Amino acid sequence: MPDYLNLEDEEIIYYVYNLNWHLPQEIQDEAMEILSEIQPEKVGFIIPKYGKPCWQNGVGIIKDMGYPRNKEALPKLASLLQDRNWPGALEAIETFEQLGKKISVPHIEKECVEAIKCNNNDWLEHLYFATESLDITELDFSNPVTYQLMKKAAEELN
């Protein structure tokens with residue numbers, strides 16, 4: 001079993017906020033190095049909900065970790081697909097591409113369900129962009145109706 005850094009949650013959060021692209025590069029680099037060694041069950045901390053300037057660096061760490069080590073971060077990675085203009089969103093798509101459909105689709109489909117509940121067509125359009133980029137089709141979704149609703153919303157915006 002690999003040796004991981006056993007950091008407390010507060011320490012991880014400290015380093016996560018040091019991923020901020022407004023900080024000096026050496027601080028970001030140190031944070032990336034440390035966070036790349038945390039235990040797999042804590043990887044979900046790497047993309048903070050309220051830390052947009054930290055997202056791009058966080059996605060890079062998650063991408064480099066690979067699967068299954070990055071498994072706990074995949075729901076947060078999928079949440080970045082809410083807007084493809086957000087930092088790290090396009091890199092999140094690349095990460096999902098590397099993971100393959102079997103791993104990626106459930107996370108993306110869950111985001112679609114949430115966007116439908118919120119009646120957020122912009123979000124659905126961004127998710128549709130991601131599914132198109134990943135060559136995900138209606139047949140890949142466990143519920144084809146979810147895919148159809150996402151596609152319809154996206155087409156109505158374009």
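These are my notebook entries on side-chain contacts and burial in this structure, which is a predicted model.

**Entry 1: cysteines**

I started with the sulfurs. My count of disulfides came to zero. I took cysteine 118 as a case to check: the nearest cysteine sulfur belongs to cysteine 112 and is 12 Å away. The cut-off for a disulfide is 2.5 Å, so cysteine 118 is in no disulfide. I also looked up burial. Cysteine 118 has 46% relative accessibility and goes down as partly exposed. Cysteine 54 has a relative accessible area of 1%, so I noted it as buried.

**Entry 2: aromatic rings**

Next I went through the rings and got four aromatic pairs. One of them joins tyrosine 14 and tyrosine 15, with 5.0 Å between the ring centres. Stacked or edge-to-face? The planes of tyrosine 14 and tyrosine 15 stand at 75°, so I wrote down edge-to-face. Tyrosine 15 is buried, at 18% relative accessibility.

Phenylalanine 141 and tyrosine 147 make another edge-to-face pair, with 5.3 Å from centre to centre and 75° between the planes. I checked burial for both partners. Phenylalanine 141 is buried at 4% relative accessibility, and tyrosine 147 is buried with a relative accessible area of 6%. I then followed the ring pairs outward and found that they link Phe141 and Tyr147 with Tyr128 into a cluster.

I also looked for charges over rings. The charged end of arginine 84 sits over the ring of phenylalanine 129, and I have it at 4.2 Å from the ring centre.

**Entry 3: salt bridges**

I counted six salt bridges. I wrote up three.

Lysine 42 and aspartate 9 came up with an N to O distance of 2.4 Å. Which parts of the chain does this pair tie together? Aspartate 9 is in helix 1 (residues 9-17), while lysine 42 is in the loop between helix 2 (25-35) and helix 3 (52-65). The two parts are 33 residues apart in sequence. Burial differs by label here: lysine 42 is buried at 18% relative accessibility, whereas aspartate 9 is partly exposed with a relative accessible area of 27%.

Lysine 101 and aspartate 140 form another salt bridge, at 3.3 Å from N to O. I noted this one as a link between distant parts of the chain, 39 residues apart. Lysine 101 is in helix 6 (residues 101-117), and aspartate 140 is in the loop between helix 7 (121-133) and helix 8 (144-157). Both ends are partly exposed: lysine 101 has a relative accessible area of 34%, and aspartate 140 has 28% relative accessibility.

Lysine 152 also bridges to glutamate 156, with the closest N and O atoms 3.5 Å apart. Both residues lie in helix 8, four residues apart, which is about one turn of the helix.

**Entry 4: a buried charge without a partner**

Glutamate 111 in helix 6 caught my eye. I had it as buried, and I found no salt bridge for it. How far away is the nearest side chain of opposite charge? That side chain is lysine 110, and it is 6.3 Å away. A salt bridge has to come within 4 Å, so lysine 110 does not qualify as a partner for glutamate 111.

I then listed what glutamate 111 does touch, leaving out neighbours within four places in sequence. The contacts are Pro75, Ala78, Ser79, Trp123 and Leu127.

**Entry 5: two spot checks in helices**

My next pick was alanine 31, which is in helix 2. Buried or exposed? Alanine 31 is buried, with a relative accessible area of 0%. Beyond residues up to four places away in sequence, alanine 31 touches Tyr15, Asn18 and Leu19. Tyr15 also appeared above in the pair with tyrosine 14. I looked up one long separation too: the C-alpha atoms of alanine 31 and asparagine 158 are 40 Å apart, with their positions 127 residues apart along the chain.

The other pick was isoleucine 116, in helix 6. Isoleucine 116 is partly exposed, with a relative accessible area of 27%. With residues up to four places away in sequence left aside, I found isoleucine 116 touching Leu124, Thr146 and Leu149. Its C-alpha atom is 26 Å from that of glutamine 56, and isoleucine 116 and glutamine 56 are 60 residues apart along the chain.

How values were computed: Residues are numbered from 1 along each chain as its sequence is written. This is a predicted model: local features need pLDDT of at least 70, side-chain atom pairs count only at pLDDT 80 or more; totals for chains, interfaces and linings use all residues. Side-chain values use heavy atoms; hydrogens and water are left out. Buried means under 20% relative accessible area, exposed over 50%, partly exposed in between (1.4 Å probe, protein chains only). Rings of Phe, Tyr and Trp (its six-membered ring) pair if their centres lie within 6.5 Å; planes under 30 degrees apart count as stacked, over 60 as edge-to-face and the rest as tilted. A charge sits over a ring if NZ of Lys or CZ of Arg is within 6 Å of the ring centre and within 35 degrees of the ring normal. Lys and Arg count as positive and Asp and Glu as negative; His and the chain ends are not counted. Contact means heavy atoms within 4.5 Å.
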